[in-house]
Amino acid sequence: MIVVTGATGTLNGATVDHLLKRLPPHQIGVSVRDPARAAHLADRGVRVRQGSYDDPAALRHSFADAEQVLLVSSNDLSSDVVAQHHRAIDAAVDAGAQRILYTSAQGTAFDTPYPPLAIHAATEQHLAASGIAWTALRNGFYGDPAQLLGAWQETGVIAMPADGPFSWVDRRDAAEAAAAILTTDDPFDGPIDLTLPEPVTLADFATAASEITGRQIDRIVVDDETWVSDATTSGVPEAVARFTLSMFQATRSGHFSGSDPTLARLLERNPRSISDQLKGLDVR
Ligand SMILES: NC(=O)c1ccc[n+]([C@@H]2O[C@H](COP(=O)([O-])OP(=O)(O)OC[C@H]3O[C@@H](n4cnc5c(N)ncnc54)[C@H](OP(=O)(O)O)[C@@H]3O)[C@@H](O)[C@H]2O)c1
């Protein structure tokens, strides 16, 4: 059996959908904080058990019979996220899992400007010490393009801090790749990068947006502190603005400039490009 946490979330929910295309439902289990939100999976024959990263006993119960456990990285920033991940890893080991997979991030390291990377590094360290096989799915960046690009559709400009090369993957591709890894006999040991074939910059987004809309979309670099000040004036909490800024700072120092063909190999096609992803928006 494969047990997946975070199955009521976007990424691992999509991974479970892909697993259901590859495996009979009785070979899939989910560990979710609120089983009522996974009723659609129970209806399809998936084993649904309650589990939270704050409750080791519930995790052990929800991981029972699992050969592989896929752990989502917690988004519960009010908690000690590293401790949550350690509890989840320990529970999977205690429950007898043979492999743990974890949704990590490209560029994972202790010493970077972008705080999540240190959380992933500490989690990967615990996985490496767990004594069982493990795989860190080091996904490129993904998420809401509006957070990355600002209000370019209204303004005609991508006015953000200076950036460097990074991968912007489609979450659906990351989920499909995770399902492929979970169902292959190939060993994927340790960290693997799941990125675009070539990294991109915000200038590339401006070019793609111009081509798709037929309008001129310009990339404008805004000074870091001016950008934070503008964001807070428009209602973004300063901590959120500084968190986003730290991502751009990390791209500038080359933390995300690498690329890897593994995602394309797993998908047996090219990953969705940034043009493909922008075309999926309601662009004008
Ligand atoms: N690489 C990137 O660019 C990037 C971008 C955004 C996020 N992320 C990370 O990737 C993860 C998955 O992304 P996503 O888009 O699927 O996020 P999401 O839709 O917010 O899903 C996060 C999942 O984590 C679960 N979770 C949170 N705290 C938990 C806890 N204490 N115990 C058990 N489960 C817990 C949530 O459970 P509920 O459904 O019960 O709320 C939810 O299912 C995020 O949590 C975040 O760490 C990475």
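## Two helix pairs and a buried phenylalanine

Let's start with a pair of helices: H3 (residues 56-63) packs against H4 (residues 81-94) at an angle of about 45°, and their axes are 8 Å apart. That angle makes H3 oblique to H4; angles under 35 degrees count as roughly parallel, over 145 as roughly antiparallel, 65 to 115 as roughly perpendicular, and the rest as oblique. The axes are lines fitted to C-alpha atoms, for helices over the stretch in contact, with angles running from 0 to 180 degrees between N-to-C directions. H3 passes H4 in a right-handed crossing, meaning that the near helix is turned clockwise from the far one by less than a right angle, whereas anticlockwise would be left-handed.

On the H3 side, the contact uses Pro-56, Leu-59, Arg-60 and Phe-63, and H4 brings Arg-87, Ala-88, Ala-91, Ala-92 and Asp-94. Contact here means C-beta atoms, placed from the backbone, within 7 Å of each other. Sorted by class, the residues where H3 meets H4 are six nonpolar, no polar and three charged (Ala, Val, Leu, Ile, Met, Phe, Trp, Tyr, Cys and Pro are nonpolar; Asp, Glu, Lys and Arg are charged; the others, Gly among them, are polar).

A word on the ground rules. This is a predicted model, in which local features need pLDDT of at least 70 and side-chain atom pairs count only at pLDDT 80 or more, while totals for chains, interfaces and linings use all residues. Residues are numbered from 1 along each chain as its sequence is written.

H4 also packs against helix H5 (residues 116-128): their axes come within 9 Å and cross at roughly 25°. That makes H4 roughly parallel to H5, and this crossing is right-handed. Val-81, Val-82, His-85, His-86 and Ile-89 of H4 meet Ile-119, Ala-122, Thr-123, His-126 and Leu-127 of H5. The contact of H4 with H5 has six nonpolar, four polar and no charged residues.

Now step back to the whole chain. Its secondary structure comes to 13 helices and nine strands, which are DSSP runs numbered from the N terminus (helices H or I, at least four residues; strands E, at least two). The radius of gyration is 19 Å, close to the 19 Å that the globule rule gives for 284 residues, so the chain is as compact as a globular protein of that length. That radius is taken over C-alpha atoms, and the rule is 2.2 Å times the number of residues to the power 0.38. Of the contacts in the chain with a separation of 6 or more, 75% are between residues 24 or more positions apart.

Buried residues make up 43% of the 284; buried means 20 or more other C-beta atoms within 10 Å of a residue's own, exposed 12 or fewer, and partly exposed in between, with C-beta atoms placed from the backbone. Phe-256, in the loop between helix H11 (238-252) and H12, is buried, with 28 such neighbours within 10 Å. Leaving out residues up to four places away in sequence, Phe-256 touches Gln-106, Gly-107, Pro-165, Phe-166, Ser-167, Pro-199, Ala-250 and Thr-251. The C-alpha atoms of Phe-256 and Gly-140 are separated by 8.0 Å, with the two positions 116 residues apart along the chain.

Finally, look at two loops. Asp-65, between H3 and strand E4 (68-71), has a positive phi of about 75° although it is not a glycine. Glu-268, between helix H12 (262-267) and helix H13 (274-279), has a positive phi near 60°. Asp-65 is exposed, with 12 other C-beta atoms within 10 Å, and Glu-268 counts as exposed with 8.

Notes:
Two residues are in contact if their C-beta atoms, placed from the backbone, lie within 7 Å.
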